[in-house]
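Please open the structure in a viewer and keep the selection tool at hand. The tour below proceeds one selection at a time.

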Amino acid sequence: MNEELKEYESKIKKEFSYGYTPKFEKEFRTQLNEIVFFPIAKEAIENLGWNLVFEDESTLEAKQIAEGFHWGQKITIKYQSGKVIVNSKSNQSPFFDFGRNSKRVKLFIHAFKNLETKYDKKQLAELEDKTNKANNMDDYKIPETLPKPKRQTKPKFWIPIIGGILISAILALLMAFMTVKVSYVIGIFEVAIAFLIGFAFKYFIKLSNYTDIDKLNYILIGVVLLTYFLNQYFLYLLIISEKKIESLSFLNFIELRFQEGLNIESMNTGWIGLVVSWMFQIGFTYGLAYIHLTSNLSQYMLKKVPMEVVDFAYYHFVKGKDESGVRKELASKGWSNIEDQNDIFEAIEAIQGIQYLNRMD
């Protein structure tokens, strides 16, 4: 951010926002059409030092990275026939934004209007022509040849299944041991378990060359459920071993846990609190692990196919060809194998998936 923008930011009158996720919204009008509006808006975002995380034909999304003890913000800019709506909301906010969202909105509007006035009619026409060419990939040069497909191993569905069972057992035992010998800290354990599961799946995918996200997701759900079930079983084994209780069965152990309930400091929340805590553990762990899974899978699919080939396929989609037409073009360049072509389409989807992950709060 340059000195002029910093000075303007320091003079902005704050408007405070309240709510579970505090937000502030303001709209203004512009004479620019949508073709030139977006590159100028993106230039303003870049000048402000924000990260552009998403764009389509009507919307831009950027993130203001958190500084110090401040929460980060997501800024959304929507264009509707000359009307521009700018919205900033706090990510993971503690219900009060201290006026920061209003500052982001007003700062963007100022930065955009400053840029808008610097373009005359000739420059706007040149920008529109340049943008149209970029959107239509008119400057793309079709290569005479493409890199040859890499020899891929046959996908092995059993590897993530067996690996998932093993990682469940290891993590469950580790969690049970830490609970008995140290203490259980809700929130921290779930984050650690989700990270380790996601890390393990990164290598399961690489070793198996298996990329079906739906089936991998089912395996992930099973891994999370099995981890927490085995955790209870290992807790049972450690406790009866330590206390030397031979007559207590696993079912009796679970019954006792329900009778005892969940104690939070001096308050007993009963069996309802215990069930809610288990639901939180499973849901929170799965959510974080799923983000890791999709991120790792997207990165793996992008590595399988050279970007020159991805660009070639995407160019033909932009030019209006359907999947069958794109497959013919790929075959003409040496990519005739159906599985290799599917990898290309998956790589294009992976790019979109990474963009979706970047948008998440």
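Begin by selecting Lys133, which is partly exposed because its relative accessible area is 34%, a value in between the limits of 20% for buried and 50% for exposed. The model is a predicted one. Add Asp129 to the selection: the side chains of Lys133 and Asp129 meet in a salt bridge, at 3.7 Å from N to O. Asp129 is likewise partly exposed, its relative accessible area being 42%. Display helix α4 (residues 121-135) as well, since both residues belong to that helix and stand four residues apart, about one turn of the helix.

Next, select Arg327 and Glu323. Which helix holds Arg327 and Glu323? Both lie in helix α11, again four residues apart, or about one turn. A salt bridge joins Arg327 to Glu323, with the closest N and O atoms 3.0 Å apart. The two partners fall into separate classes of exposure: Arg327 counts as buried at 17% relative accessibility, whereas Glu323 counts as partly exposed at 42%.

With helix α11 (residues 323-332) still in view, add helix α10 (residues 307-318). The axes of α10 and α11 come within 9 Å and cross at roughly 140°. That angle makes α10 oblique to α11, because only angles over 145 degrees would count as roughly antiparallel. The crossing of α10 past α11 is right-handed.

Now move to Glu61 and Lys74, whose side chains form a salt bridge with an N to O distance of 3.8 Å. This pair links distant parts of the chain: Glu61 is in strand β3 (residues 59-64) and Lys74 is in strand β4 (residues 73-80), 13 residues apart. Are these partners buried or exposed? Glu61 is buried, with a relative accessible area of 6%, and Lys74 also counts as buried, at 11%. The three pairs visited so far are among the salt bridges of this model; a search of the whole structure finds 11.

Finally, turn to the surface and select Phe157, Trp158, Ile161, Ile162, Ile165, Leu166 and Ile170. These residues form a nonpolar patch, and together they have about 680 Å² of accessible area. Within this selection, highlight Trp158, which lies in helix α5 (residues 158-181). Trp158 is exposed because its relative accessible area, 54%, is over the 50% limit. The tour ends at this patch.

Conventions: Residues numbered from 1 in each chain as written. Predicted model: local features only at pLDDT ≥ 70, side-chain atom pairs only at ≥ 80, totals over all residues. Heavy atoms only, no water. Patch = residues over 30% accessible without salt bridge, like charges linked within 9 Å, V, L, I, M, F, W, Y side chains within 5 Å. Areas by Shrake-Rupley, 256 points an atom, 1.4 Å probe, with all protein chains shown as cover. Salt bridge = Lys/Arg side-chain N within 4 Å of Asp/Glu carboxyl O. Helix = DSSP H or I, 4+ residues; strand = E, 2+ residues; numbered from the N terminus. Buried < 20%, exposed > 50% of the residue type's maximum accessible area, 1.4 Å probe, protein only. Axes fitted to C-alpha atoms, helices over the stretch in contact; angles between N-to-C directions. Parallel < 35°, antiparallel > 145°, perpendicular 65-115°, else oblique. Left-handed = near helix turned anticlockwise from the far one by under 90°.
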